[in-house]
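Student: I am new to this structure and would like to go through it step by step. Could you take my questions in turn?

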Amino acid sequence: MEFSLTDLSNPTKENGEERVNVLILGSGPAGLSAALYAARADLNPVVLTGMELGGQVSLTYTVENYPGFPEGVGGSEMVELFQKQAERFGARVEFDTATEVDLSQRPFRIQTYNTIYLADTLIITTGATPRHLNVPGEKELTGRGVSYCATCDGWFFKDKELIVVGGGDSALEEGIFLTRYANSVTIVHRRDELRAGPVLEKQARENPKVKFIWNSVVDEILGKEAVEAVRLKNVLDGSEREYPIDGVFIFIGHIPNTQLFEGQLEMDPMGYIQTDKWMRTNVPGVFAAGEAADSRFRQVITSAGMGAAAAIQANHFLSEFESELEAAGEIDS
Ligand code: NAP
């Protein structure tokens with residue numbers, strides 16, 4: 001890799017290209033925490049929000065496991081607070097999305113819808129997107145009874161009958177949330193044992209509106225204008241039946257939003273960016289944090305912690321680089 005030795009002082013804009021010390025891709029808890037730490041290190045970070053300001057947590061009704069909020073806090077409110085705090089120290093948040101990246105030399109070149117950034121360090125916090133079932137009817141009926149977001153769409157299902165697909169924490173948490181609106185929420189799980197933790201399992205089992213269908217998968221979603229039924233398949237005996245329903249909420253995990261970096265950064269077989277314990281990727285100066293790099297914890301607090309760590313490391317990286325420049329006599333010490 002080639003390193004260009006250039007001045008790391010304030011960001012500059014020339015020929016439609018903007019030079020920045022730290023560019024952060026993504027505005028969820030990881031991105032905004034990285035922005036806070038980078039801003040407090042006087043690095044004038046720029047955050048590109050991506051298509052979804054605040055990431056997945058902004059679609060969460062309430063977050064109850066982030067310390068400091070004993071009564072819980074709304075997901076979008078939390079993101080607003082994160083952003084305000086980062087901006088207070090000089091972070092700049094741009095409603096823009098990276099479309100192309102070139103990590104083959106520094107500064108890294110990031111093309112967006114509006115401009116080109118030349119970034120001395122890059123922090124990738126692009127998060128993850130809900131996994132789809134990929135069954136007939138799913139795509140056609142998305143937004144017409146098929147949903148991946150209880151907070152966004154639950155309200156449309158007042159007094160309706162719903163199914164939730166999945167057996168993890170998300171399925172149970174969102175399923176319980178949906179009982180605020182729906183008459184009944186039936187959790188369809190492909191095994192006879194939940195993946196979700198015991199607290200959520202207990203809450204779900206004690207909720208009179210929650211039912212379970214075990215050892216079953218949704219093979220097809222049926223309906224003309226809107227969802228009318230699903231075809232359920234019993235995975236033990238292969239039998240199938242049509243199950244009338246008003247809505248299908250799918251919570252079966254996530255896919256990391258890392259396609260933009262394929263071929264440039266090392267990833268695991270699932271597409272999560274590989275980092276070391278210091279959030280460093282295989283490209284010096286590129287760091288990754290949050291759900292783009294973490295398939296295991298996926299909590300607001302762990303993502304925020306990873307974001308902060310990535311920014312601390314970016315600062316170290318830039319300081320070391322600055323020392324190199326000084327030694328080379330290219331900037332005044
Ligand atoms: P997850 O833990 O990966 O669970 C996905 C669920 O979907 C599993 O039950 C899985 O079944 C099922 N599944 C996967 N592919 C499927 C398919 N094609 N058809 C049918 N079912 C399928 O994902 P998650 O629930 O989104 O949770 C992700 C992480 O976030 C976890 O670490 C979780 O603890 C965390 N989280 C925590 C909270 C909280 O603490 N309040 C809330 C939400 C999420 P199998 O079990 O058979 O694999």
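**Questions on the predicted model**

Student: In this predicted model, what distance separates the end C-alpha atoms of helix 6 (residues 300-327)?
Tutor: Helix 6 holds 28 residues, and at 1.5 Å a residue it should span 40 Å. The model agrees with that expectation, because the end C-alpha atoms of helix 6 are apart by 41 Å.

Student: Which residue takes a positive phi just after helix 6?
Tutor: The place to look is directly beyond the end of helix 6, where a phi of about 75° occurs. The residue with this positive value is Gly-329.

Student: Which residue in the loop between helix 1 (29-40) and strand 4 (46-48) has a positive phi?
Tutor: Most residues other than glycine have a negative phi, so a positive value deserves a second look. In the loop that joins helix 1 to strand 4, a residue other than glycine has a phi near 45°, and that residue is Asn-44.

Student: What is the omega of the peptide bond from Arg-106 to Pro-107?
Tutor: Pro-107 sits in the loop between strand 7 (105-106) and strand 8 (108-112). The bond that leads into Pro-107 from Arg-106 is cis, and its omega is near -5°.

Student: Which helix gives the largest share of the shell around the ligand?
Tutor: The ligand has 19 residues around it, and Asp-169, Ser-170, Arg-191, Arg-195 and Arg-298 come nearest. By class, this shell has three nonpolar, nine polar and seven charged residues. The largest share, three residues, comes from residues 169-178, that is, from helix 4.

Student: How much of the ligand's accessible area does the protein cover?
Tutor: A polar side-chain atom of Glu-173 lies 2.7 Å from a nitrogen atom of the ligand, while an N or O atom in the side chain of Arg-298 is 3.0 Å from a ligand oxygen atom. On its own the ligand has 920 Å² of accessible area, and the share that the protein covers is 77%.

Methods: Residues numbered from 1 in each chain as written. Predicted model: local features only at pLDDT ≥ 70, side-chain atom pairs only at ≥ 80, totals over all residues. Heavy atoms only, no water. Near = heavy atom within 4 Å. Polar contact = N/O pair within 3.5 Å; in protein donor to acceptor, adjacent residues only side chain to side chain. Areas by Shrake-Rupley, 256 points an atom, 1.4 Å probe, with all protein chains shown as cover. Helix = DSSP H or I, 4+ residues; strand = E, 2+ residues; numbered from the N terminus. Nonpolar A, V, L, I, M, F, W, Y, C, P; charged D, E, K, R; others polar. Expected span 1.5 Å × (residues − 1).
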